[in-house]
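Please open the model in your viewer and keep the selection panel at hand. The tour goes from a sheet to a pair of helices and then to some charged side chains.

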Amino acid sequence: MKKLLTERFQELAGLKPLYTLQEEFRDVKDILVKAGFRFDDGILGGVGSGGAGYYDRANDLIYGYNQSGPWNEEEFNKFYDNFEFNSNLYEKEFAEENGDPYDYDMVAQMLKPGIYAVDDMGYVEIRSNGDIEIYAIPQLAAEDDTTFLPAFKMDANGKAIPQFSKDEMRKMLKDDMMFIL
């Protein structure tokens with residue numbers, strides 16, 4: 001199984017994921033790029049040089065803007081216990097109306113319905129009706145941007161799988177001052 005860069009950081013830091021995924025996801029980034037999707041500015045777009053992550057709002061609710069505090073245990077529990085991936089949904093039915101530049105038919109011909117990896121940035125769900133939904137993986141990031149660890153991964157059914165126990169993640173955010181991006 002191909003090791004993701006973040007998993008290598010976990011090994012080097014002496015951290016072990018809480019759960020490991022039994023399924024190996026096929027990486028389909030190249031197919032999506034050929035179909036017109038661009039990931040130069042992040043998997044959902046709009047991140048790039050701006051520095052903001054897709055989960056900044058969750059981070060701010062838990063620990064204040066730029067970790068200014070105070071720690072909010074209730075918000076942390078909501079995030080951990082009820083986590084949902086941020087995503088963009090591309091609906092084939094409205095593609096022409098929206099002026100979508102994506103080749104939905106090419107994706108449907110090359111990939112059967114299911115969930116696939118998109119590099120180590122996230123996942124894509126190909127639906128039987130031709131819709132495509134792209135999900136971003138939340139990262140725990142060190143303040144100096146030297147370490148990025150996946151907080152949750154997705155299983156083949158689309159369920160979020162925490163990569164750390166609740167206590168480990170709380171410590172990483174609260175004591176080690178990591179950010180959720």
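Begin by selecting β2 and β3, two strands that run antiparallel and are joined by five bridges; strands count as paired here if DSSP finds at least two bridges between them, and both helices (H or I, at least four residues) and strands (E, at least two) are DSSP runs numbered from the N terminus. What you see is a predicted model, in which local features need pLDDT of at least 70 and side-chain atom pairs count only at pLDDT 80 or more, while totals for chains, interfaces and linings use all residues. Residues are numbered from 1 along each chain as its sequence is written, and side-chain values use heavy atoms, with hydrogens and water left out.

Within this pair, pick Gly114, which stands opposite Ile126 in β3. The two strands form a hairpin with three residues between them, and in its turn Asp119 has a positive phi of about 55°.

Now colour β3 (residues 122–126) by accessibility: four of its five residues are buried, so the strand is largely enclosed by the rest of the structure. Buried means under 20% relative accessible area, exposed means over 50%, and partly exposed lies in between (1.4 Å probe, protein chains only).

Add β4 next, which pairs with β3 in the antiparallel sense over five bridges. Tyr123 has Tyr135 of β4 as its bridge partner, and the hairpin of β3 and β4 has five residues between the strands, with Gly130 in the turn at a positive phi of about 95°. On β1, Ser87 stands opposite Tyr135 in β4, and β1 pairs with β4 (residues 132–136) in the antiparallel sense over four bridges.

Show the four strands together and you have an open sheet in the order β1-β4-β3-β2, with antiparallel pairing. Here β1 (87–90) and β2 (114–118) stand at the edges with a single partner strand each, so one side of each is left without a neighbour in the sheet.

Turn now to the helices and select α4 and α7, which pack at an angle of about 130° with their axes 11 Å apart. Axes are lines fitted to C-alpha atoms, for helices over the stretch in contact, and angles run from 0 to 180 degrees between N-to-C directions. The two helices are therefore oblique to each other, given that angles under 35 degrees count as roughly parallel, over 145 as roughly antiparallel, 65 to 115 as roughly perpendicular and the rest as oblique. Among the residues making the contact (heavy atoms within 4.5 Å) are Phe76 and Tyr80 of α4 and Met169 and Leu173 of α7.

Which residue forms a salt bridge with Asp81? Select Lys166, where the closest N and O atoms are 2.9 Å apart; a salt bridge is a side-chain nitrogen of Lys or Arg within 4 Å of a carboxyl oxygen of Asp or Glu. Asp81 lies in α4 (residues 73–81) and Lys166 in α7 (residues 166–174), so the pair ties together parts that are 85 residues apart in sequence. Both are partly exposed, Asp81 with a relative accessible area of 46% and Lys166 with 24%.

Stay on α7 for Asp167 and Arg170, whose side chains meet in a salt bridge (2.7 Å, N to O). Asp167 is exposed at 55% relative accessible area, whereas Arg170 is buried at 19%. Finally, add Glu73, which is linked with Asp167 and Arg170 in a network of salt bridges.
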